[in-house]
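Hi,

Here is the structure I said I'd pass on. Have a look at it first, and then read my notes underneath.

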Amino acid sequence: METGRSSNSADDKAPQAVRVSALVKHYGSMLALDHFDLDVRRGEILGLLGPNGSGKTTAINCMLALLTFESGDVRIFDRPMTPVAYGLKRRIGVVPQEVAVFNELTVRENIDYFCSLYVPKRSDRTPMVNDAMAFVDLNDYAQYRPGKLSGGLLRRLNIACGIAHRPDLLFFDEPTVAVDPQSRNAILEGIERLNREGATVIYTSHYMEEVEQICDRIMIMDHGRQLALGTADELKHLINAGETITVETLDCDDQTIAAVTAMPTVIRATYDGTSLEIRCRQGQRNLMDVLDVLTRHHVHIGHLTSRPPTLNDVFLELTGKALRD
Ligand SMILES: Nc1ncnc2c1ncn2[C@@H]1O[C@H](COP(=O)(O)OP(=O)(O)O)[C@@H](O)[C@H]1O
Ligand SMILES: [Mg+2]
């Protein structure tokens, strides 16, 4: 029986865990995936970053053959993914966006049930269920029913159900939405640990900080399309973004704003009457140069901050809107 990471068939040599080409998917007349492409390397944590409604869940469900699509191609471990690719499905774990567990079953029974979909023999499952429960730190709640669990504990149960059969490839769809910060950190650390132990991970989120924290590479998507793919650093280089300087000041006039905007290093300067925000290109002397111009225009500077570029800046540059709209 194939139970996951011990498998060593020929397809394990494929460098790609997932290869998606040109997926097109409509819901009625609404285009949800627009020639969506994705390559996931074996052993990496790949982040799918996009705002709500950008098509992350649709993309995942198409990759898993849970949704049909009009055209395109999905290969997992170098094999075509289909609804009846049971050998592949056994090697895949899914932690869906909506918690999906049975209220009549206890925590332990839920994990055992999901594991039994892939591992029929109970004696094989027992250590897997124990490991999964320990992994998400739910031992104290083994006999609880889901109705008695907090949101964070429910999320952890959802994760345990998805990982118990020790899959090679794991999909996490926004696993930290609506969880407290402590559970969120535990979830992120858990995902990194699963990855260190050998699992390839696809992680969707609209939180750029999380994606930047745990993902090796990040795909930015919007309107069902890939906009960019790379490491966080590569994405920031792509748009040539440097720091954003924010100056609290009450006396910035139009001339000053025009002078700042005209600086070669400045991408954009905006002033709301109390705060001047200056987005810069990459450069060594941005802060000095900006201060120089402000001083020459006799601007009184209150609080001043400078922050490095974020993935939100990348998103803003690629789409013209903020990730958190
Ligand atoms: N079952 C459905 N029927 C109709 N439209 C849907 C359905 N599921 C998702 N959509 C729409 O498809 C788009 C992509 O949704 P989704 O894949 O859930 O995005 P995300 O996971 O990035 O939030 C959204 O505009 C959403 O409203
Ligand atoms: Mg979603």
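**What turned up**

E174 sits in the loop that runs between β7 (169-173) and α6 (181-196). Keep in mind that this is a predicted model. I started with E174 since its backbone caught my eye: phi is positive there, at about 45 degrees, although the residue is not a glycine. Most residues other than glycine have a negative phi. Is E174 buried or exposed? Its relative accessibility is just 3%, and the cut-off for buried is under 20%, so E174 counts as buried.

A22 shows a positive phi as well, near 50 degrees, and again this is a residue other than glycine. You'll find A22 in a strand, β1, which covers residues 16-27. With a relative accessibility of 28%, A22 falls in the partly exposed class.

Another positive phi belongs to A65, near 60 degrees, and this residue comes after α1. That brings me to the helix itself. How many of the eight residues of α1 are buried? Six of them are, so α1 is largely enclosed by the rest of the structure. If you want to click through the buried ones, they are K56, T58, A59, I60, C62 and M63.

α1 (56-63) also has a part in the largest pocket: along with β6 (92-95) and α5 (151-163), it is one of the elements that give two or more residues to the lining. The volume of this pocket is about 430 Å³. Which residues come closest to the centre of the pocket? Of the 22 that line it, those are L64, L66, G93, V94 and Y118. Sorted by class, the lining is made up of 12 nonpolar, seven polar and three charged residues.

Last, something on the surface. F102, Y113 and L117 together make a nonpolar patch of about 270 Å². Of these, Y113 belongs to helix α3, which spans residues 107-116. Y113 has a relative accessible area of 33%, so this residue is partly exposed. A residue needs over 30% to be part of a patch, and Y113 at 33% is therefore eligible on that count.

If you'd like a place to begin, try the loop with E174, then go on to α1 and its six buried residues, and finish with the patch made by F102, Y113 and L117.

Cheers

Conventions
Residues are numbered from 1 along each chain as its sequence is written. Chains are lettered from A and ligands numbered from 1 in the order in which they are written. This is a predicted model: local features need pLDDT of at least 70, side-chain atom pairs count only at pLDDT 80 or more; totals for chains, interfaces and linings use all residues. Side-chain values use heavy atoms; hydrogens and water are left out. On a 1 Å grid over the protein atoms alone, a cavity is a set of points where a 1.4 Å probe fits but cannot get out, and a pocket is an open set with protein on both sides within 12 Å along at least five of seven lines; lining residues have an atom within 4 Å of a point. Grid points are joined across faces, edges and corners, and a volume is the space filled by probe spheres set on the points. Helices (H or I, at least four residues) and strands (E, at least two) are DSSP runs, numbered from the N terminus. Ala, Val, Leu, Ile, Met, Phe, Trp, Tyr, Cys and Pro count as nonpolar, Asp, Glu, Lys and Arg as charged, and the others, Gly among them, as polar. Patches are made of residues with over 30% relative accessible area and no salt bridge: like charges are joined within 9 Å, nonpolar side chains (Val, Leu, Ile, Met, Phe, Trp, Tyr) within 5 Å. Accessible areas come from the Shrake-Rupley method with a 1.4 Å probe; for residues, only the protein chains shown count as cover. A salt bridge is a side-chain nitrogen of Lys or Arg within 4 Å of a carboxyl oxygen of Asp or Glu. Buried means under 20% relative accessible area, exposed over 50%, partly exposed in between (1.4 Å probe, protein chains only).
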